Amino acid sequence: MASPTPLTAIAIRGDRIVYAGSDAGADPWVAVGTRVVDLRGRMVLPGFRDTHAHPATGGIEQAGCLLDDLETVSAVVEAIAGCVQRARPGSWIRGSGWALPLFPEANPHKDLLDAVAPDHPVILVAADGHSAWANSRALQAAGIDRSTPDPPNGRIMREAGSGEPSGTLRESAVRLITRQLPAYTQDEWKAGIQTALRMANRFGITTIHEAALLPETLAAYASLDAHDALTARVVAALFVDAGLGVAQVDSFISVREQYPATPFFRVNSAKIMADGVIESGTAALLAPYVGTSSLGTANFRPGQLDSLAAALDAASFRIHIHTIGDRAIRMSLDALAYARRQNGPSDARPILAHIQLFDPADIPRFAAEGIIGSFQSLWAYADTYVTDLTEPVLGPERSRWLYPIASLAATGATVVGGSDWNVSSMNPLDAIQVGMTRTALSDTTGPPWIPEERVDLTTLLRMYTINAAYAAGDEQENGTLEVGKLADIVVLERDLYQTPPAEIHTVPVALTIVGGKVVYEME
């Protein structure tokens with residue numbers, strides 16, 4: 001596909017674009033004190049928008065024990081041992097990033113941690129955020145033993161025969177331990193958010209959707225915003241407690257009233273967790289996992305989800321739902337349809353995020369019902385999560401409908417992009433490349449995974465710009481480079497349309513501008 005006609009010049013005054021066109025037309029905008037940046041043929045795009053990420057928790061976890069991208073159990077254990085050596089005697093060690101496929105049945109054992117951290121309680125959240133690994137001291141601190149029942153929508157993995165906790169916890173069971181942890185301070189939360197937003201700016205991201213806003217992170221965001229310290233616009237979703245259901249909607253309204261929207265921070269969404277993940281058997285499926293009778297875990301009964309969606313919609317919250325399994329997708333579509341019947345037509349623009357496994361019958365419903373699909377296209381290739389933990393428990397017929405990005409886009413549905421950072425890379429160019437190739441970033445020579453679901457570059461760029469702006473109701477202010485719109489801009493070192501698809505992730509960001517201010521500039 002040919003590159004669109006490029007802009008060669010943009011003029012900015014204050015926080016707005018006042019000119020977009022040829023070099024000659026920009027001359028009248030140059031005056032004394034104007035900063036002129038020679039683009040030298042580089043590619044200029046609207047700032048990237050990430051429609052699903054976790055900046056607060058991801059940012060604060062950068063100060064913990066990081067296990068991301070480690071490829072062997074021995075490397076993971078060695079890294080943990082290093083964290084133990086640096087820790088204060090007897091203190092909690094918390095970290096994140098270990099990969100489920102490294103361990104048999106995705107279940108690391110507490111004995112591995114006990115061997116390197118006998119005197120510290122340890123809790124390490126998995127890379128996907130849906131499991132955690134604890135040692136004996138952490139389990140004891142939380143009072144978890146063979147008699148502890150599984151909490152609602154959670155699972156304590158146990159030793160065969162004895163029923164003793166093995167050290168792996170799923171979904172809500174993780175909170176049995178995390179609620180024992182010392183609370184982070186507001187300064188720590190603010191530092192974590194700023195770390196995440198600086199990373200976002202480095203990747204050309206100018207707006208980011210915070211997909212799980214907690215009370216402590218809300219206060220940190222609001223404080224940073226009040227001091228003009230947010231370097232990307234944040235669209236925040238309050239986290240819905242499945243156990244509270246409709247009862248929490250009034251408190252959400254109070255929060256929204258307490259924190260009115262500003263140009264850089266708004267609380268106008270609600271995040272619902274409809275299910276878990278396939279890798280740990282907690283995603284909600286229409287048919288059982290292969291070799292079992294289990295349909296996974298839906299966090300709501302259908303009627304409960306219907307009522308919750310209707311109540312949030314009636315209160316004018318944009319609804320953002322984590323949906324992995326085909327049953328979770330269908331339940332969520334049904335709940336949103338119920339909300340429309342109850343409340344009447346509106347410009348609601350709900351988002352279903354992740355949308356990993358579809359029943360193909362549900363693909364046309366997104367366009368027909370005005371529902372936005374947020375894909376994490378970086379996940380759409382045959383890594384060990386897919387080959388070892390996903391396809392074997394789904395079988396080939398269902399596996400065909402994993403991440404059907406092209407099929408959903410072909411219906412005319414609005415599709416958008418997100419990272420789910422810190423689950424995976426925040427860099428939009430990583431996700432754009434995999435969306436085009438359906439192969440790993442590091443090895444593009446093999447056959448693409450489900451090649452019919454590859455997507456063209458223009459569609460993927462729209463997913464991270466104008467489509468994402470539409471998802472937040474910002475399309476009149478953002479998402480394209482037009483006179484009068486906000487000057488949220490990214491400059492790439494090379495034209496992506498002139499770059500081989502397998503090299504897109506290597507293209508550096510040269511400049512990121514938010515509201516007319518440079519927030520990142522490549523040295």
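**Exercise 1.** How many disulfides does the count come to by the rule used here?

*Solution.* This is a predicted model, in which local features need pLDDT of at least 70 and side-chain atom pairs count only at pLDDT 80 or more, while totals for chains, interfaces and linings use all residues. Residues are numbered from 1 along each chain as its sequence is written, and side-chain values use heavy atoms, with hydrogens and water left out. Start from the rule, by which a disulfide is a pair of cysteine sulfur atoms within 2.5 Å; the count then comes to one disulfide. Next, identify the pair: Cys65 is joined to Cys83, with an S to S distance of 2.2 Å. The link of Cys65 and Cys83 is right-handed, with 90 degrees about the S-S bond. Finally, place the two ends: Cys65 lies in strand E5 and Cys83 in helix H3 (residues 73–86), so that distant parts of the chain, 18 residues apart, are linked (helices, H or I, of at least four residues and strands, E, of at least two are DSSP runs, numbered from the N terminus).

**Exercise 2.** Determine whether Cys65 and Cys83 are buried or exposed.

*Solution.* Buried means under 20% relative accessible area, exposed over 50%, and partly exposed in between, with a 1.4 Å probe and protein chains only. Cys65 has a relative accessible area of 2% and is therefore buried; Cys83, at 13%, is buried because its value also falls under the cut-off.

**Exercise 3.** Locate the strand of Cys65 within its sheet.

*Solution.* Six strands form an open, mixed sheet in the order E5-E6-E7-E8-E10-E9, where strands pair if DSSP finds at least two bridges between them. Strands E5 (65–66) and E9 (154–158) each have a single partner strand and stand at the edges, so one side of each is left without a neighbour in the sheet. E5 pairs with strand E6 (residues 93–98) in the parallel sense over two bridges, and Gly95 in E6 is the bridge partner of Cys65.
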